[in-house]
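User: I've got a model open and would like to talk through its charge pairs and its packing. Can you take my questions one at a time?

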Amino acid sequence: MTRIAAVLVTHDAEPWIEATLASIVGQSRQPDEIVVVDDASTDATRVIVARVLGEQARIVPSTATSDETFTRIAHNFR
């Protein structure tokens, strides 16, 4: 069977992250892996992801070094 991964890129997503995660886990075909790339959130985004998904999610900090808003996350996808 084909493996499926859900990848989220977040930055201060606290207001909507729980609804987003509920949508992912509510799918008829569950992802085999959920990866959350967090771009230095200063709110409770990571705490909520950990609480809702527990061991099901892998939270990865962004490794970008640019200060430019439009290039920080893009660095992770090269």
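User: Which residue's side chain does E18 meet in a salt bridge?

Analyst: Quick note before that: this is a predicted model, where local features need pLDDT of at least 70, side-chain atom pairs count only at pLDDT 80 or more, and totals for chains, interfaces and linings use all residues. Residues are numbered from 1 along each chain as its sequence is written, and side-chain values use heavy atoms, with hydrogens and water left out. A salt bridge here is a side-chain nitrogen of Lys or Arg within 4 Å of a carboxyl oxygen of Asp or Glu. At 3.2 Å, N to O, the partner of E18 is R51.

User: Which helices do E18 and R51 sit in, and how many residues apart are they?

Analyst: Helices are DSSP runs of H or I with at least four residues, strands are runs of E with at least two, and both are numbered from the N terminus. E18 belongs to α1 (residues 14–25) and R51 to α2 (residues 45–53). The pair links distant parts of the chain, α1 to α2, with a separation of 33 residues.

User: Is R51 buried or exposed?

Analyst: Buried means under 20% relative accessible area and exposed over 50%, with partly exposed in between (1.4 Å probe, protein chains only). E18 comes out at 41%, so E18 is partly exposed. R51 has 53% relative accessibility, so R51 counts as exposed.

User: What about D38: which residue does its side chain meet in a salt bridge?

Analyst: D38 is buried, with a relative accessible area of 1%. Its partner is partly exposed at 37%. The N to O distance is 2.8 Å, and the partner is R46.

User: How many salt bridges does the whole structure have?

Analyst: Besides the pairs above, D32 forms one with R29, their closest N and O atoms being 3.5 Å apart. D32 is partly exposed at 37%, and R29 is partly exposed at 29%. Searching the whole structure gives a count of 4.

User: In what order do the elements of the chain run?

Analyst: The chain has 2 helices and 3 strands. Starting at the N terminus, the order is β-α-β-α-β.

User: How many residues are in the largest nonpolar core?

Analyst: A nonpolar core is a set of buried Ala, Val, Leu, Ile, Met, Phe, Trp, Tyr and Cys residues joined through side-chain atoms within 4.5 Å. Members of the largest one include A6, L8, I34, V36, I48 and V49. At least two of its residues come from each of β1 (5–10), α1, β2 (33–38) and α2. The size of this core is 12 residues.

User: Which residues of α1 are buried?

Analyst: Look down the axis of α1: the buried residues fall within an arc of 60 degrees (taken from the directions from the helix axis to the C-beta atoms), so they line one face of the helix. On the other side, P15 and A19 are exposed. The buried residues are I17, L21 and I24.

User: And what do those buried residues of α1 pack against?

Analyst: Contact means heavy atoms within 4.5 Å. I24, for one, is touched by A6, whose list leaves out residues up to four places away in sequence. The buried residues of α1 pack against β1, β2 and α2.

User: What percentage of the chain's residues is buried?

Analyst: The chain has 78 residues. Of these, the buried share is 27%.
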